[in-house]
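These are my notebook entries on a structure that is new to me. I recorded what I looked up, in the order in which I looked.

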There are 2 protein chains.
Amino acid sequence: MSVTQARKDRERAEREELILDHAQRSLLKDGFQNLNLDDLAKSVEYSKGTLYLHFKTKEDIALAVATRAIRERAEFFERGAKFKGTSRERMRAIGFACCHFASVYPDYFSVELMLKSQSFWEKADALRQQAHGMEGARCFRAVHSIVTDAMEAGDLPQSHLPPERIVFAIASTAIGSHIMGRSGHGPMFLGGADPLKMMCQNVDIVLDGLGWKPNSKDLDADAIDRRIHKEIFSEATWFKGS
Amino acid sequence: MSVTQARKDRERAEREELILDHAQRSLLKDGFQNLNLDDLAKSVEYSKGTLYLHFKTKEDIALAVATRAIRERAEFFERGAKFKGTSRERMRAIGFACCHFASVYPDYFSVELMLKSQSFWEKADALRQQAHGMEGARCFRAVHSIVTDAMEAGDLPQSHLPPERIVFAIASTAIGSHIMGRSGHGPMFLGGADPLKMMCQNVDIVLDGLGWKPNSKDLDADAIDRRIHKEIFSEATWFKGS
DNA sequence: AAATATATTGACTCTGAGTCAAACATCGAC
DNA sequence: GTCGATGTTTGACTCAGAGTCAATATATTT
């Protein structure tokens, strides 16, 4: 491995990021179907052939964009899990992280779902598939650690469910709320209400249903949110301190 | 309108159903990307041009398939809502309907999500878009009616949320559970557990969290499920009486 | 400076959605 | 029955865009 090799590797990695930046912009604006590789090549000022030196297929590009997103999600989650407070407050910090992520990547979940469809997933590179799975697992672990802490602390007294099942319940509601909040369904249910607030409310309902202490009615959610915002997510401009 | 016109209309409608039957089979097997209109034309034994006498685009065909599915979903829901019992039992009948639907159309929700993406939706025919919305609204109303009945009966004493918000919370969890249950996420959370059972459990958690009476721990869920199965969904072969 | 190795390109192929002029069927008038 | 008019169906064609690869350009070694 020569000296110049290090520079080349770095330049290659930079070019890959550049491609992903442009691909992400196009994907967010017009969706996967409308992502055009000739246009993408033009916009990054490399030839189409060069794109294929980095990515196996168009699907592979989309997966790489999604993986970068979910990596950021995992970082948000881990920050949330570090929040100093009761288990319920830390869980709320994860909820905040989830909202923060949703505000940065508004329709990440639609993409995530498309990715997981057989015909899409199999067209992506195996290594990238693996990397994507890893980041998902990081998100899972962040929530899981709070659930086990809550159990040890006695904040989940009545629950006989294993921690994975509890994470599953919370994650299902969070993802379902994101999806229902966006998409044509939205207007039917919430007349202009903030979908991120709705998502947090729904998760609170689930935590109450699990018997997580303290109950949401004994919790000053707004005050906690303000603290989370101030202490660990001060860059979250979407957050209006109620 | 001549006499023969009636026959022609009927034949046209039958041909449309035939096309949708074949398209549905292909979509379930290989997904939207792999739906090939040349193959579809061959399989229904009409030319490609004829497909375009019925549908505007490939997306339009997929939407028509999805609309047929969601119509059946609405019918299941309305059957569920008619179940004789307490509000909580009727809600469980809707859950049963939702599972029954999911077993007939295993990845309907992935499709539904794809449909709602801007670039897809706008390629479908306006009338079909409208028809799809109507069937979604029927599902919504079935759940909504049970929620308002529960409120009137005093089964939801502590809730200050409007009924639409309660429907939103339940629907979010149901859809989220379906999505998490299928897709690569599944194995991470539930080691081979039945995703439909998990979905019902998650909805129970939400109902408990909303303070819906009676609480799930005072409910013999299996007995209710058996009654629902026997009385209104006896064709549900996926259901193993616990 | 020439020879060799490596990196980049864009014209080309190939698949598949969508079109439309021509072929075919139906039907009423004579 | 046949003729023309009207309505229906067809499949060869166009065109866009993903993916390829021989030719070209650039870097490195001798």
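**Entry 1: the surface near DNA strand C.** I looked up which elements supply at least two residues each to the surface near DNA strand C, and found helix 3 (48–54) of chain A, together with helix 2 (37–44) and helix 3 (48–54) of chain B. For the term "near", I used a C-beta atom, placed from the backbone, that lies within 6 Å of the molecule or strand. Helices (H or I, at least four residues) and strands (E, at least two) are DSSP runs, numbered from the N terminus. Helix 3 of chain A provides the largest share of this surface, with 4 residues. I noted 17 residues around DNA strand C, of which A:Ser47, A:Gly49, B:Leu37, B:Gly49 and B:Lys58 come nearest. I then sorted the surface by class and obtained 5 nonpolar, 7 polar and 5 charged residues. In this sorting Ala, Val, Leu, Ile, Met, Phe, Trp, Tyr, Cys and Pro count as nonpolar, Asp, Glu, Lys and Arg as charged, and the others, Gly among them, as polar.

**Entry 2: basis of the model.** The model is predicted: local features need pLDDT of at least 70, side-chain atom pairs count only at pLDDT 80 or more, and totals for chains, interfaces and linings use all residues. Residues are numbered from 1 along each chain as its sequence is written, while chains are lettered from A and ligands numbered from 1 in the order in which they are written.

**Entry 3: the surface near DNA strand D.** I turned to DNA strand D and found 18 residues surrounding it, the closest being A:Leu37, A:Gly49, A:Thr57, B:Ser47 and B:Gly49. Helix 2 (37–44) and helix 3 of chain A, together with helix 3 of chain B, give two or more residues each to this surface. Which element gives the most to the surface near DNA strand D? I found that helix 3 of chain B does, with 4 residues. By class, the surface near DNA strand D divides into 5 nonpolar, 8 polar and 5 charged residues.

**Entry 4: the loop between helix 2 and helix 3.** In chain A, the loop between helix 2 and helix 3 holds A:Glu45. A:Glu45 has a positive phi of about 60°, although it is not a glycine. Is A:Glu45 buried or exposed? I counted A:Glu45 as exposed because it has 9 C-beta neighbours inside 10 Å. My cut-offs, with C-beta atoms placed from the backbone, were 20 or more other C-beta atoms within 10 Å of its own for a buried residue, 12 or fewer for an exposed one, and partly exposed in between. In chain B, B:Glu45 lies in the loop between helix 2 and helix 3, and it too has a positive phi of about 60° without being a glycine. B:Glu45 is exposed, with 9 other C-beta atoms within 10 Å.

**Entry 5: cis peptide bonds.** The peptide bond from A:Lys213 to A:Pro214 is cis, with omega near -5°. I located A:Pro214 in the loop between helix 11 (195–209) and helix 12 (221–231) of chain A. In chain B, the bond from B:Lys213 to B:Pro214 is cis, with omega near -10°, and B:Pro214 lies in the loop between helix 11 and helix 12 (221–231).

**Entry 6: how the chains meet.** I found 37 residues of chain B in contact (C-beta atoms, placed from the backbone, within 7 Å) with 37 residues of chain A. On the side of chain B that touches chain A, helix 9 of chain B gives the largest share, 12 residues. That side has 18 nonpolar, 15 polar and 4 charged residues. Of the interface residues of chain B, 100% are also interface residues in chain A, so the copies meet through the same surface.

A rotation of 180° with 0.0 Å of shift along its axis superposes chain B on chain A (RMSD 0.1 Å). The two copies are therefore related as by a two-fold rotation axis. The superposition was by least squares on the C-alpha atoms of residues with pLDDT of at least 70 in both.

**Entry 7: chain A and the core.** I recorded 12 helices and 0 strands in chain A. Buried residues make up 40% of its 242 residues.

Technical notes
Contact = placed C-beta atoms within 7 Å.
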